[in-house]
Amino acid sequence: MSPRTSPPGDREAAQVAGAPLRADAARNVAQIRAAAIAAFRGRGLDTPLEEIAAAAGVSKATIYNRFGGRAGLIDAVIGKLVAAEMYAIMDKALQVADPWQAIATYVTDRRDLQYREPAFTDALLMTYPDSGQLAAIARAAIDMTTSLVQRGHDAGVIRRDFTAGDLYYADVANGLALRKLPRPARQDYDRRIRFFLDSLRPR
């Protein structure tokens with residue numbers, strides 16, 4: 001299966017009901033989206049909706065009225081948080097002709113995004129499976145990883161026992177460590193990425 005590298009567009013919350021909103025309601029929607037992006041960025045997608053509502057100057061009920069709940073809110077903002085960059089990472093790797101460099105580029109760029117944006121780990125974990133866009137990112141990442149690993153095996157540039165599932169679990173473990181442990185200095189983080197890549201070479 002070919003990796004899907006075209007990002008689905010953000011759902012326009014202002015037209016969820018199929019009709020334009022009044023100016024005040026549209027303003028509320030914009031404020032909620034902005035507050036959600038600010039809250040999710042750097043903290044992940046489990047930030048309490050009460051905090052987002054307070055930052056937007058609305059009630060929690062307004063979030064449910066306009067977005068249907070957390071999954072709808074995630075769909076409305078995940079493009080700006082993760083999806084656009086993740087699809088760009090996949091597109092970039094597809095353009096690399098050398099099989100090893102394609103894998104190294106993909107892994108390095110994924111880890112860079114993971115360092116900067118915890119919501120990427122939420123996407124890997126499918127933390128909120130009711131979010132259609134989160135599910136689409138996860139499926140695209142699985143397809144892309146499977147394709148690159150198979151290409152690496154065919155070219156003999158990665159060890160035969162390394163699988164797409166291995167990269168998934170390694171990145172999940174990395175993301176959870178970033179959340180639960182003190183954030184490492186960037187130079188140490190990048191050094192560990194190089195160690196991980198070296199471990200993929202044929203033995």
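## Helix crossing and salt bridges in a predicted model

Helices α1 and α2 are oblique to each other, a term for angles that are not under 35 degrees (roughly parallel), over 145 (roughly antiparallel) or 65 to 115 (roughly perpendicular). The axes of α1 (residues 23–40) and α2 (residues 49–56) come within 8 Å and cross at roughly 130 degrees, where axes are lines fitted to C-alpha atoms over the stretch in contact and angles run from 0 to 180 degrees between N-to-C directions. The contact (heavy atoms within 4.5 Å) is made by Gln31, Ile32, Ala35, Ala36, Ala39 and Phe40 of α1 together with Ile52, Ala55 and Ala56 of α2. These residues divide into eight nonpolar, one polar and no charged, with Ala, Val, Leu, Ile, Met, Phe, Trp, Tyr, Cys and Pro counted as nonpolar, Asp, Glu, Lys and Arg as charged, and the others, Gly among them, as polar.

This is a predicted model, in which local features need pLDDT of at least 70 and side-chain atom pairs count only at pLDDT 80 or more, while totals for chains, interfaces and linings use all residues. Residues are numbered from 1 along each chain as its sequence is written, and side-chain values use heavy atoms, with hydrogens and water left out. Helices are DSSP runs (H or I, at least four residues), numbered from the N terminus.

The structure holds 13 salt bridges, each defined as a side-chain nitrogen of Lys or Arg within 4 Å of a carboxyl oxygen of Asp or Glu. Among them are three that involve helix α5 (residues 99–116) and link distant parts of the chain.

| Salt bridge | N to O distance | Partner helix of α5 | Separation |
|---|---|---|---|
| Asp109–Lys92 | 3.2 Å | α4 (residues 70–94) | 17 residues |
| Arg111–Asp171 | 2.4 Å | α8 (residues 164–180) | 60 residues |
| Asp112–Arg186 | 2.8 Å | α9 (residues 186–199) | 74 residues |

The accessibility of these residues can be stated with buried meaning under 20% relative accessible area, exposed over 50%, and partly exposed in between (1.4 Å probe, protein chains only). Asp109 counts as buried at 17% relative accessibility, whereas its partner Lys92 is partly exposed, with a relative accessible area of 45%. In the second pair, Arg111 and Asp171 are both buried. In the third pair, Asp112 counts as partly exposed at 22%, and Arg186 is likewise partly exposed at 29%. Asp112 and Arg186 also belong to a network of salt bridges that links them with Glu85, Arg116 and Asp190.

Definitions and conventions
Helix = DSSP H or I, 4+ residues; strand = E, 2+ residues; numbered from the N terminus.
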